[in-house]
Every structure is written in structure tokens, then in C-alpha cells.
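Visitor: I'd like a close look at one single part here, and I'd rather have a proper walk around it than a quick label. Could you show me the thing itself before we start?

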Amino acid sequence: MPLRMLRSICAQALVAVALFSAGGAGAQTAVLYGLLDASGSRIKPVGTDDYLLHLTNGNMQTSFIGVRGSEDLGGGLRAVYRLESYLRVDVGAAGRETGDGFWTREASVGLSGSFGTTVLGRTPTPLWLAMTSFNPFGESFGFSPTVRQYFGGAMLGDTRWNNSVWYTNNPRDPLRVVLSFNSDESTPGGENGHNVGLSVSYITGPFAATVVAETIRNSSQPLPPGFDRQTVFHAGATYDFEFIRVYGQAGHIKTQATQDSTTTSYQLGLAVPFGNSLVLVAYGRQKVSMPTQATTTDRITSIGYDLFLSKRTDIYVAASYEKLGSLSSGNSVAGGVRLKF
């Protein structure tokens with residue numbers, strides 16, 4: 001979105017937080033909100049010669065519906081909750097795919113005050129929050145190289161963790177901390193181990209940067225034979241020059257299993273405002289190394305144009321080109337509409 005519009009929306013969000021906090025002890029608030037994203041797409045997957053025509057859900061941002069609220073407990077302390085479900089606009093169903101639970105985007109409850117916010121439940125991982133915040137394409141599974149490369153196969157954990165304890169400090173602090181701990185409940189005694197993630201971000205003025213570390217020992221997704229753990233280190237930075245915003249990310253993933261693997265990634269991107277629109281560009285490169293297999297390299301280049309008709313509605317066109325090893329190249333083109341409510 002245009003950078004000045006982004007600042008306006010952030011200011012409105014702070015006002016909304018203040019309104020949530022207003023009122024005497026016992027006052028409750030509840031808000032229904034969400035996002036719908038649908039696009040027409042022409043897709044040629046990597047390694048194939050055939051094109052597919054799709055009405056695609058969530059090309060720029062995955063559709064969802066949610067309800068959040070709070071209760072003022074007095075003394076600056078509030079009880080907070082959030083329930084969010086993914087939606088598939090193209091087929092009128094819940095979840096990102098068949099078999100996805102209803103509240104899989106987030107289901108949490110906890111306390112918020114001067115210490116920050118601590119919630120329990122299913123919550124977004126520190127890596128996911130950092131990766132999508134330092135990215136011109138945000139959380140786009142259709143066109144963000146980093147999102148596609150990390151969560152299209154390199155990462156064994158989901159973008160959210162079940163059975164988690166999640167903490168963040170006061171959002172007004174220039175140094176932002178997000179800490180998440182996941183409890184393994186798949187085996188007696190938690191024999192598979194627990195997930196732990198920590199991100200520290202510096203956010204002030206036109207410059208922002210983040211570093212993230214995660215250790216994954218369990219997942220709701222299938223794990224490779226002999227899996228022990230996956231360790232992730234990731235860093236990102238952005239600078240707003242007003243006439244252009246630049247982004248950079250880099251990461252290292254080490255997977256320990258019967259067949260170990262090492263993944264290194266980086267992404268460069270920019271967002272250029274033109275009136276009520278943005279031109280988005282990103283390039284990502286990921287290299288996967290395994291002892292008994294040849295190293296594979298995946299390269300994705302994406303470009304998009306996003307026109308904001310209002311603060312809540314935008315239309316976009318975007319295209320991407322992907323080259324994976326010796327396979328035939330893939331590409332996609334999409335045009336869609338996104339509406340927030």
C-alpha cells in the first residue's frame with residue numbers, strides 16, 4: 001500500500017487500541033473483522049509444460065475472518081482473546097485446504113498490560129511475523145519468494161504453532177520482542193521435544209531490522225524419517241526513503257534427520273509509491289544442500305502493481321518467474337481484488 005496510507009492505518013490501529021483500553025473495570029469489547037482476496041490466475045508450475053487457469057484464493061494475502069475482544073480488569077490490566085479462521089473464497093469453505101481446522105489462523109486468550117501481552121493457544125510464530133513484516137509482498141504465498149521458499153517445503157513447522165505460550169512487549173517500545181514456546185503433546189512426556197522461537201526487532205523512524213531464531217522439534221505436519229530438530233536463523237531489514245522503500249532478508253535452516261540438509265536463502269525487494277498505488281518487486285534465491293544429493297537452487301522473481309481504491313479495498317496484478325535446478329521454468333500471472341472489513 002502507499003507509504004503514507006500505511007502510516008495512516010498504523011495511527012488508526014493505535015487509536016483502536018486506545019479505545020479498547022477505555023472504560024471502567026469490567027467493560028468488554030468485541031470486533032468482527034477479516035479479509036477477502038480472490039484473483040484470476042494463469043499458472044505454469046515448475047517442471048511442467050501445461051498452463052492452469054484458476055480462480056485463486058489468497059494470492060496476495062490469505063483470506064480469513066476473525067473476532068477479537070478484551071475485558072478491562074482495572075489497573076491497566078486487560079483480558080484479551082482472538083479467534084481467526086482461514087477462508088477459501090473460491091469454493092466457499094473454511095481453512096487453507098481440506099482438513100484444515102476452523103480456527104487455524106489463531107485461537108488465543110491471555111492478559112495484556114504494561115508488561116506487554118501474553119496469550120495461550122495457537123499463535124503465529126516469531127519467524128512468520130518477522131518474515132512477512134520485512135517483505136514488499138507481505139504474506140503472499142502467490143508472489144513472495146521468501147514465503148514460498150520457506151513454507152513451500154524448507155520449513156517443517158507451520159506458520160502457527162499449536163499448544164503455545166506467546167509473549168510480546170509493549171508495541172510502543174522501539175525494541176520489539178516476540179517469544180513463543182510450543183508444548184509437544186503428540187507423545188507421552190513430550191518425547192519429540194518442544195518448539196522455541198524468539199525475535200528481536202528494532203523499529204524506529206524510517207529504519208527497521210529484525211533477527212529471529214527458532215528450534216523446531218515437533219509439528220502438526222509430516223516429519224522426515226529420523227527427524228530430530230530443525231534450527232532456523234533469519235534476519236531482515238528495511239529502510240523507507242519516502243520515494244522508495246527497500247527490503248532485505250537472509251536465512252539459514254539446518255535440518256537434522258536420517259538425511260541432514262542445510263538451506264540458505266536471501267530475498268531483496270522494494271516498494272515504489274505512485275499516488276494511491278505501489279509497484280512491488282522481489283527476488284529470492286534458495287539453495288538446499290544434502291550429503292548424498294546434488295545441491296539444488298531455486299530462484300523466484302516477482303513484480304506487482306497494487307492500486308488502492310480506498311483504505312480497505314485494492315486491486316492488483318502480479319507476475320512471477322521461477323527456476324528450480326534443471327527443471328523447466330515456472331511462471332504465473334494473476335489479477336485480483338482484496339477487501340478488508
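Visitor: In which strand is Leu339 found? Please take your time and tell me about its surroundings too.

Guide: One caution before we dig in: this is a predicted model. Leu339 is found in strand β18, and β18 covers residues 330-340. Is Leu339 buried, exposed or partly exposed? Its relative accessible area is 37%, and since "partly exposed" runs from 20% to 50%, Leu339 gets that label.

Now for the company that Leu339 keeps. If you skip residues up to four places away in sequence, Leu339 touches Gly34, Leu35, Leu36, Arg312 and Thr313. Leu36 deserves a second glance, as this residue stands opposite Leu339 across the strand pairing. Thr313 lies in β17, a strand that spans 313-324. There's also a long-range relation to look at: Leu339 and Ser63 are 276 residues apart along the chain, yet their C-alpha atoms are separated by 9.3 Å.

So what does β18 pair with? Ten bridges join β18 to β1, and the two strands run antiparallel. It's worth following β1 for a moment, as β18 isn't the end of its story. Strand β1 takes in residues 28-44, and eight bridges connect β1 with β3 (residues 64-74), again antiparallel. In that pairing, Val31 stands opposite Arg68 in β3. Then there's β2, residues 52-57, which pairs with β1 over six bridges, also in the antiparallel sense. Here the facing residues include Arg42, which stands opposite Leu53 in β2. When you trace these strands on screen, bear in mind that side chains in a regular strand alternate between the two faces of the sheet.

Next door to Leu53 in the numbering is Leu52, which also has its place in β2. With a relative accessible area of 36%, Leu52 comes out as partly exposed. Setting aside its neighbours within four places in sequence, Leu52 is in contact with Ser41, Arg42, Ile43 and Pro45. Arg42 and Leu52 are ten residues apart in sequence, and their C-alpha atoms are 5.6 Å apart in space. So Arg42 turns up twice in this story: opposite Leu53 in the strand pairing, and among the contacts of Leu52.

Now back to β18, which has a part in a pocket as well. To find gaps like that, a probe the size of a water molecule is rolled over the atoms, which shows where empty space is left. The second largest pocket holds about 1,200 Å³ of space. Several elements give two or more residues to its lining: β1, β2, α3 (145-154), β17 and β18. Which of them gives the most? That's β18, with five residues.

In full, the lining of this pocket runs to 43 residues, and those nearest its centre are Arg96, Glu97, Phe141, Gly142 and Phe151. By class, the lining divides into eleven nonpolar, 22 polar and ten charged residues.

Two of those central residues lead on to another space. Arg96 and Phe141 also line the largest cavity, together with Thr62, Tyr86, Trp128, Glu139, Thr159 and Arg160. That cavity has a volume of about 40 Å³, and a search of the whole structure finds one cavity of 30 Å³ or more. Its lining is a mix: three nonpolar, two polar and three charged residues.

Trp128, from that cavity lining, takes us to helix α2, where it is one of the buried residues. Helix α2 (residues 126-133) is mostly covered, with six of its eight residues buried. Besides Trp128, the buried set comprises Pro126, Leu127, Ala130, Met131 and Thr132.

Ala130 makes one last link, as it is among the residues that Thr210 touches. Thr210 sits in strand β11 (residues 207-216). If you want a contrast with partly exposed Leu339, Thr210 is buried, with a relative accessible area of 3%. Its side chain makes a polar contact of 2.8 Å with the side chain of Ser201. A polar atom of the Thr210 side chain also lies 3.5 Å from the backbone oxygen of Val200.

How values were computed: Residues are numbered from 1 along each chain as its sequence is written. This is a predicted model: local features need pLDDT of at least 70, side-chain atom pairs count only at pLDDT 80 or more; totals for chains, interfaces and linings use all residues. Side-chain values use heavy atoms; hydrogens and water are left out. On a 1 Å grid over the protein atoms alone, a cavity is a set of points where a 1.4 Å probe fits but cannot get out, and a pocket is an open set with protein on both sides within 12 Å along at least five of seven lines; lining residues have an atom within 4 Å of a point. Grid points are joined across faces, edges and corners, and a volume is the space filled by probe spheres set on the points. Ala, Val, Leu, Ile, Met, Phe, Trp, Tyr, Cys and Pro count as nonpolar, Asp, Glu, Lys and Arg as charged, and the others, Gly among them, as polar. Two strands pair if DSSP finds at least two bridges between them. Helices (H or I, at least four residues) and strands (E, at least two) are DSSP runs, numbered from the N terminus. Buried means under 20% relative accessible area, exposed over 50%, partly exposed in between (1.4 Å probe, protein chains only). A polar contact is a pair of N or O atoms within 3.5 Å; within protein, one must be able to donate a hydrogen and the other to accept it, and residues adjacent in sequence count only if both atoms are side-chain atoms. Contact means heavy atoms within 4.5 Å.
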